[in-house]
Amino acid sequence: MSDEMNKTLNEALKPVVLEAIGLEKTYKEAEIETKVFSDIDFQLNAGEKVAIVGASGSGKSTLLHLLAGLDSPTRGVVTLNNQSFSEENDVVRGKLRNQYMGFVYQFHHLFSELTALENVMMPLQIRRVSIKEAEAKARGLLDKVGLADRALHKPSELSGGERQRVAIARALITNPACILADEPTGNLDYLSANQVFELLLKLNSDLGTALLIVTHDRNLAAQMDRQVTLLDGNLISS
């Protein structure tokens with residue numbers, strides 16, 4: 001059996017952590033309907049790393065937001081860790097996201113008044129984990145992303161790449177089954193972008209967290225296990 005066939009078989013045997021079936025998104029303004037895509041099926045397996053690529057305006061970020069439960073599909077369903085996701089209300093989706101998913105935005109979305117340590121602790125505090133336990137875990141993750149000595153700095157005192165690494169640590173603190181990242185290097189200079197991307201790949205390898213990235217950078221996408229392209233409303237595997 002070829003290496004490629006072995007790889008495909010191994011991926012198929014891994015549990016599915018995120019799945020979309022028959023996904024459609026249509027925006028309506030007055031009498032005008034704009035269909036972004038329809039009848040999209042997608043699976044993300046445990047420990048897998050996948051890139052969604054496509055032209056600007058093709059709907060990549062829209063698809064990612066639907067998969068993350070940050071928006072609701074017009075039709076179709078999304079399941080997270082085999083649990084209903086897209087059909088739940090915002091409160092339930094928020095709880096499921098906190099339990100099973102981390103999300104990294106293009107812009108870090110850190111709280112400016114909090115330190116790096118406090119920003120990373122936040123998802124555990126939402127769970128009402130003790131401050132002592134949350135702080136210990138946050139410090140460990142900041143060390144893992146190379147920012148142990150910047151724990152007490154606020155976002156304004158950090159570089160763009162450092163802020164994004166804090167955001168990644170925050171996404172990881174709940175031990176999520178998957179991380180979704182929307183152009184996580186798109187707002188960074190070349191060197192910082194490469195450092196952040198290499199960090200994501202290393203954390204995927206070390207922690208086994210599934211990784212789904214929207215990117216316009218084909219060179220970065222080529223380093224993933226597989227790529228899917230959003231083209232003319234269709235999701236094409238490559």
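In this predicted model, helix α4 passes α6 in a right-handed crossing. The two axes come within 7 Å and cross at roughly 30°. Angles under 35 degrees count as roughly parallel, so α4 is roughly parallel to α6. On the α4 side, the residues that do the touching are Ala-116, Asn-119, Val-120 and Pro-123, and they meet Val-166, Ala-169 and Arg-170 in α6. Sorted by character, this contact comes out as five nonpolar residues, one polar and one charged.

Helix α4 also packs against α5, which covers residues 131-144. Here the axes come within 8 Å, with a crossing of roughly 125°, and α4 and α5 are therefore oblique to each other. This crossing, too, is right-handed. From α4 the contact takes in Ala-116, Leu-117, Val-120, Met-121, Leu-124 and Gln-125. The α5 side brings Ile-131, Ala-134, Glu-135, Lys-137, Ala-138, Arg-139 and Leu-142. Nine of the residues in the contact of α4 with α5 are nonpolar, one is polar and three are charged. Ala-116 and Val-120 of α4 turn up in this contact as well as in the one with α6.

Helix α6 has another partner in α7. The pair packs at an angle of about 20°, with the axes 9 Å apart, and α6 and α7 are therefore roughly parallel to each other. Their crossing is right-handed. The α6 residues in the contact are Gly-161, Gln-164, Arg-165, Ile-168 and Leu-172. Facing them from α7 are Ser-192, Val-196, Leu-199, Leu-200, Leu-203 and Leu-207. The split for this contact is seven nonpolar, three polar and one charged.

Next come the empty spaces, starting with the enclosed kind. The structure holds one cavity of 30 Å³ or more, and about 50 Å³ of space lies in the largest cavity. Its lining is made up of Ile-168, Leu-172, Ile-179, Leu-200, Leu-203, Asn-204, Thr-209, Ala-210 and Leu-211. The elements giving two or more residues to that lining are α6 (160-172), α7 (190-207) and β8 (210-214). The largest share, three residues, comes from α7. As for character, seven lining residues are nonpolar and two are polar, with no charged residue in the set. Several cavity-lining residues, including Ile-168, Leu-172, Leu-200 and Leu-203, also belong to the contact of α6 with α7.

The open kind of space is represented by the largest pocket, with a volume of about 470 Å³. There are 17 residues in its lining, and those that lie nearest the pocket centre are Arg-97, Met-101, Phe-103, Pro-123 and Arg-170. At least two lining residues each come from α3 (90-100), β6 (101-104), α4 (116-126) and α6. The lining divides into 10 nonpolar, five polar and two charged residues. The pocket ties back to the helix packing described at the start: Pro-123 and Arg-170 are among the residues nearest the pocket centre, and they are also part of the contact where α4 meets α6. Helix α6 thus has a place in several parts of this picture, with residues in the pocket lining, in the cavity lining and in the contact with α7.

Note on methods. Residues numbered from 1 in each chain as written. Predicted model: local features only at pLDDT ≥ 70, side-chain atom pairs only at ≥ 80, totals over all residues. Heavy atoms only, no water. 1 Å grid on protein atoms, 1.4 Å probe; cavity = no way out; pocket = protein on both sides within 12 Å on 5 of 7 lines; lining within 4 Å. Points joined across faces, edges and corners; volume = space filled by probe spheres on them. Helix = DSSP H or I, 4+ residues; strand = E, 2+ residues; numbered from the N terminus. Nonpolar A, V, L, I, M, F, W, Y, C, P; charged D, E, K, R; others polar. Axes fitted to C-alpha atoms, helices over the stretch in contact; angles between N-to-C directions. Parallel < 35°, antiparallel > 145°, perpendicular 65-115°, else oblique. Left-handed = near helix turned anticlockwise from the far one by under 90°. Contact = heavy atoms within 4.5 Å.
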